[in-house]
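This report walks through one protein chain, from a single helix outward to the whole fold. Please keep the model open while reading.

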Amino acid sequence: MSNQFKLTILGSGSALPKKDRFQSAHLLEAHNKLFLIDCGEGMQIKAFQTKSNLSRLGHIFISHLHADHCLGLVGLISSLGMTGHRTNIEIHSAPELENLLKPQLDFFCQDLGFDIIFHPFNPRKKEIIFEDRTLIVKTLPLKHRVPTCGFIFEEKPKERHLIPEMIEAFNIPIKELPLIKKGGDFITEDGEIIENKKLTRDPSPSKKFVYCSDTLFLPKIVSDIENADCLFHEATFSEEEVLRAKKTYHSTAKQAATIALNSNAKKLVIGHFSSRYPNIEKIIDEAKSVFPETIATKDGLQIYF
Ligand SMILES: [Zn+2]
């Protein structure tokens, strides 16, 4: 199984969709699982265009309840129902979403072959909202016009790598290996302790993906998102609109890049561009002047890390 993460941009625009930039929607593929992060109107079309197979989709994370981040949900769920989807859809969001969606789902999406399970979170608190064998997802409270959370996807610490020659040299039985992979020492029949560091090598580092949209420039998040392999940060405006960004609780590209620089991100991905820009070259340049490892999103872009 590949340990690579894949981020597919299904919508790189903001409030008003344009023909080449739909509203916010992002698919994260990790450890053979598929997570949808925000679900703007039109995401289904981009999912077709990017040949994204949604049959494995199980969890949807909604950052906040603005239309451009969640209006695609009913359409998506209706389509999943028609295409024989069987995996339950678990929606993680602010609590109000359940009451907003439920009447529409009851009316439009009857006889689904799967359940819709709502997992409300408190957008003002840092919480662990998903955990399985390999991954953990935490919320990251942001500052926007309505309660908003970013999400931190982290791989759990991995097992140590066995050194085959040493395992053979000490004649270690197979049943002992799971414990040694977890860092345990080996005790021989004579009672000699063979330290784990003689038997194993360090595991490959755990990956971290951080998603921050939408938010005012918020330097205090830096300590929570340090060393991300990939940081997605909204960059709705160019620097000349810095006051508008502040007024509407959004960020500029330069501010996004500052967060990436100060949090020691390996890669910055910017998106959620305002529809006022016919092209975003200026925005990209502003971000790159602070953080050269910046990728500007466009619909359909796939990023591996
Ligand atoms: Zn918003």
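The buried residues of helix 9 pack against four elements: strand 15 (230–234), strand 16 (268–271), helix 10 and strand 17 (294–296). The model is a predicted one.

**Helix 9 and its surroundings**

Which residues of helix 9 are buried? They are A253, K254, Q255, A256, A257, I259 and A260. That makes 7 of the 10 residues, and helix 9 is mostly covered. Take Q255, which sits in helix 9. Q255 counts as buried because 27 C-beta neighbours lie inside 10 Å, and the cut-off for burial is 20 or more. Just after the helix comes N264, with a positive phi near 60 degrees.

Helix 9 spans residues 253–262 and helix 10 spans residues 281–290. Their axes come within 8 Å and cross at roughly 30 degrees. Angles under 35 degrees count as roughly parallel, so helix 9 and helix 10 are roughly parallel to each other. The crossing of helix 9 and helix 10 is right-handed. On the helix 9 side, the contact is made by A253, K254, A256, A257, T258 and L261. Helix 10 supplies I283, E286, A287 and V290. By class, the residues of this contact divide into 7 nonpolar, 1 polar and 2 charged.

**A second helix pair**

Helix 3 (residues 73–82) packs on helix 4 (residues 96–108). The angle is about 35 degrees, and the axes are 10 Å apart. Helix 3 passes helix 4 in a right-handed crossing. Here L73, V74, I77 and S78 of helix 3 meet L101, Q104, L105 and F108 of helix 4. This contact has 6 nonpolar and 2 polar residues, and no charged ones.

**Backbone exceptions**

Most residues other than glycine have a negative phi, and most peptide bonds are trans. Several places in this chain depart from that pattern, and two of them are residues in loops.

N171 is not a glycine, yet its phi is positive, about 55 degrees. N171 is found in the loop between helix 5 (164–169) and helix 6 (177–181). Is N171 buried or exposed? N171 is exposed, because 9 other C-beta atoms lie within 10 Å and 12 or fewer count as exposed.

H272 also has a positive phi, about 60 degrees, and is not a glycine either. H272 lies in the loop between strand 16 and helix 10. H272 is buried, with 30 other C-beta atoms within 10 Å. Q255 and H272 are 17 residues apart along the chain, and their C-alpha atoms are separated by 14 Å.

The peptide bond from S213 to D214 is cis, with omega near -10 degrees. D214 lies in the loop between strand 14 (208–212) and strand 15.

**A residue in strand 7**

F130 belongs to strand 7 (residues 128–131). F130 is partly exposed, with 19 other C-beta atoms within 10 Å. Leaving aside residues up to four places away in sequence, F130 touches H59, H92 and V137. I163 is 33 residues from F130 in sequence, and the two are 33 Å apart in space, C-alpha to C-alpha.

The burial counts discussed above are set out here.

| Residue | Other C-beta atoms within 10 Å | Class |
|---|---|---|
| F130 | 19 C-beta atoms | partly exposed |
| N171 | 9 C-beta atoms | exposed |
| Q255 | 27 C-beta atoms | buried |
| H272 | 30 C-beta atoms | buried |

**The whole chain**

How many helices and strands does the protein chain have? The secondary structure comes to 10 helices and 18 strands. The chain has 305 residues, and 41% of them count as buried. Its C-alpha atoms fill a box of roughly 75 × 50 × 35 Å along the principal axes.

The domain assignment gives domain 1 as 6–158 + 204–304 and domain 2 as 161–201. Where do their centres lie? The C-alpha centres of domain 1 and domain 2 are 43 Å apart.

Sequence separation in the contacts completes the picture. Among contacts in the protein chain with a separation of 6 or more, 63% join residues 24 or more positions apart.

Key
Residues numbered from 1 in each chain as written. Predicted model: local features only at pLDDT ≥ 70, side-chain atom pairs only at ≥ 80, totals over all residues. Axes fitted to C-alpha atoms, helices over the stretch in contact; angles between N-to-C directions. Helix = DSSP H or I, 4+ residues; strand = E, 2+ residues; numbered from the N terminus. Parallel < 35°, antiparallel > 145°, perpendicular 65-115°, else oblique. Left-handed = near helix turned anticlockwise from the far one by under 90°. Contact = placed C-beta atoms within 7 Å. Nonpolar A, V, L, I, M, F, W, Y, C, P; charged D, E, K, R; others polar. Domains from an automatic or database assignment.
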